[in-house]
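Visitor: I would like a close look at a single part of this protein, the sheet, and at what lies against it. Please take me through it step by step.

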Amino acid sequence: MPGSPPRDRVADPGALARRIRKTILAVDGVLEGENVFGDGVAFWVSGKQVAHFMKDGRMEIRLTKAMIKANRQRLKADPRIELRRSASDWLIVQYDSAKDLPFITELAEIAVAAHRPPAGTPIKPPPIGADLERRRRFH
C-alpha cells in the first residue's frame, strides 16, 4: 500500500497462520471447530463463530458492531483492516508478517470477550453435524 512502511514478509505464510491459530486457541474460552462460511477451521466462543481464516493471508474476526463503531477511526486508519460497507459484526484483517501477530491477537481477544458467556454459564461447543449444516444454509 502506498505510504505504508516496509513490512517483513514471512517466508512461509502457513507457519504464520499456525502461529496465529495457536495464539487464538490460547485465549480463554476459545474452541476450534469447522468454519460455517467455508472450508477449514474456525474459532468459536460458546457456540458462536468469532474468527476464521480466509485465503491469501486474511482472516475475518467477529468484533461486533458496537466494538467496530467504538474503534471505527482506528480501524479505518489501519491498512491491514477492511471494514464492510454495511453494518456488520465482522471485519477482515490482512496479515503477512510476524509483526501482525500482536494486532490479530488483540482483535481476537476483543471478539472473545464480547462473546464469552457470563461466569457460571455452561460453555456451548462448536456446532457439528446437522446443527453445523443448518447454520451453513443460512450463510
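Guide: The model shown here is predicted. Its six strands form an open sheet in the order β1-β2-β3-β4-β6-β5, and the pairing is antiparallel. At the edges are β1 and β5, each of which pairs on one side only. From one strand to the next, the twist averages 30°. Helix α4 packs on this sheet and touches β1, β2, β3, β4, β5 and β6, and its direction makes about 30° with that of β4.

To place the sheet in the whole, note that the protein has five helices and six strands. Along the sequence they follow the pattern α-β-β-β-β-α-α-β-β-α-α.

Strands in a sheet are held to one another by backbone hydrogen bonds, and the pairing is either parallel or antiparallel. We can now go across the sheet, starting at the edge strand β1.

Strand β1 covers residues 30-34 and runs antiparallel to β2, with five bridges joining the two. One pair to look for is Val30, whose bridge partner in β2 is Val45. The hairpin of β1 and β2 has six residues between the strands, and Gly40 there takes a positive phi near 90°.

Strand β2 itself covers residues 41-45 and is mostly covered, with four of its five residues buried. On its other side, β2 is joined to β3, residues 48-53, by four bridges, again antiparallel. Two positions help you follow this pairing: Ala42 has His52 as its bridge partner in β3, and Trp44 stands opposite Gln49 in β3.

The hairpin of β2 and β3 has two residues between the strands. In this loop lies Ser46, whose phi is near 50°, a positive value in a residue other than glycine. Ser46 counts as buried because its relative accessibility is 14%, and the limit for buried is under 20%.

Next comes the pair of β3 and β4, which is antiparallel over three bridges. His52 appears again here, since its bridge partner in β4 is Glu60. His52 thus has one bridge partner in β4 and is itself the partner of Ala42 from β2.

Four residues lie between the strands in the hairpin of β3 and β4. Asp56 is in this loop and has a positive phi of about 65°, although it is not a glycine. Is Asp56 buried or exposed? Asp56 is exposed, because its relative accessible area is 68% and exposed means over 50%. So the two loop residues contrast: Ser46 is buried, whereas Asp56 is exposed.

Strand β4 is mostly covered, with four of its five residues buried. Its antiparallel pairing with β6 runs over five bridges. Within this pairing, Met59 has Val93 as its bridge partner in β6.

Now turn to the helix on the sheet. Helix α4 spans residues 101-115, and its 15 residues reach 21 Å from the first C-alpha to the last, close to the 21 Å expected at 1.5 Å a residue. Its buried residues include Leu101, Ile104, Thr105, Leu107, Ala108, Ala111 and Val112. Some general geometry is useful here: an α-helix has 3.6 residues a turn, so residues three or four places apart point the same way.

Sheet and helix also share a nonpolar core. The largest such core has 28 residues, and those with the most contacts inside it are Ile20, Met59, Ile61, Leu91, Val93 and Leu107. At least two residues each come from α1, β2, β3, β4, β5, β6 and α4. Helix α4 gives the most to this core, with seven residues. In soluble globular proteins, nonpolar side chains tend to be buried together.

Leu91 is a useful residue to select in the viewer. Apart from neighbours within four places in sequence, Leu91 is in contact with residues including Met59, Ile61, Ile81, Leu83 and Leu107.

Some figures for the whole protein complete the picture. Buried residues make up 40% of its 139 residues. Among contacts with a separation of 6 or more, 56% are between residues 24 or more positions apart. The protein exposes about 8500 Å², and carbon and sulfur atoms supply 54% of that area.

Note on methods
Residues numbered from 1 in each chain as written. Predicted model: local features only at pLDDT ≥ 70, side-chain atom pairs only at ≥ 80, totals over all residues. Heavy atoms only, no water. Buried < 20%, exposed > 50% of the residue type's maximum accessible area, 1.4 Å probe, protein only. Pairing = 2+ DSSP bridges. Expected span 1.5 Å × (residues − 1). Contact = heavy atoms within 4.5 Å. Areas by Shrake-Rupley, 256 points an atom, 1.4 Å probe, with all protein chains shown as cover. Core = buried A, V, L, I, M, F, W, Y, C linked by side-chain atoms within 4.5 Å. Axes fitted to C-alpha atoms, helices over the stretch in contact; angles between N-to-C directions.
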